[in-house]
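Hi there,

Here is the structure I promised to pass on. Have a look at it first, and my notes come right after.

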Amino acid sequence: MRTFAFIMAGAAILSAQEKALQPRVREIIDSVSDERIAATVKKLASFPTRNTLSTEGATAARQWIVEELKSYSPRLQVDLEHFKVKKNEERIFRDVELYNVVAVLRGTTTPETQVLVTAHYDSLNLIPLPGQTSTAPPADNLADRTTR
């Protein structure tokens, strides 16, 4: 009987917490806009390329994402995480410098609680290394789009 009472008390506390959170969760879900998602996808697609090896398109897309995230809230800390990837046998045919866009929203009453916002914005076309052949036909202007 004691176990049953303990489980019931725990369920009642959980239910109260769930009900307290539910309106805020509902508000967040309801604020998602199909139109805004479509506009973001369209904007990202408008860059020349977001290929991992790109020096133009991925850079412009990254900067747009940084500015977009910064516009959401002055509390949102937006940074670039820089790293280098060496040429390898699998996918990267030259050394490349890459960046992750990372946004952190710290809690106001508990700063150690954080919401991390990040997404994958570049792409890597799996093309043969220079000098190798592929069984698949090349994509339209792939070499040009990969190296800009």
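Below is what I found, starting with how to read the model.

This is a predicted model, so local features need pLDDT of at least 70 and side-chain atom pairs count only at pLDDT 80 or more, while totals for chains, interfaces and linings use all residues. Residues are numbered from 1 along each chain as its sequence is written, and side-chain values use heavy atoms, with hydrogens and water left out.

On confidence: pLDDT (the predictor's confidence in each residue, from 0 to 100) has a chain mean of 76, with 68% of residues at 70 or more. Among the elements (DSSP runs numbered from the N terminus: helices are H or I, at least four residues; strands are E, at least two), β1 has the highest mean, 92, and helix α4 (residues 142-147) the lowest, 47. Where pLDDT is low, the predicted coordinates should not be read in detail.

Now the sheet. Three strands form an open, antiparallel sheet in the order β1-β2-β3; strands pair if DSSP finds at least two bridges between them. β1 (76-85) and β3 (114-117) each have a single partner strand, so one side of each lacks a neighbour in the sheet. Ten bridges join β1 to β2 (residues 96-106), and L76 stands opposite L105 in β2.

Finally, the largest nonpolar core (buried Ala, Val, Leu, Ile, Met, Phe, Trp, Tyr and Cys joined through side-chain atoms within 4.5 Å; buried means under 20% relative accessible area, 1.4 Å probe, protein chains only) has eleven residues, including L76, V78 and Y121. Its largest share, four residues, comes from α3.

Cheers

Notes:
Buried < 20%, exposed > 50% of the residue type's maximum accessible area, 1.4 Å probe, protein only.
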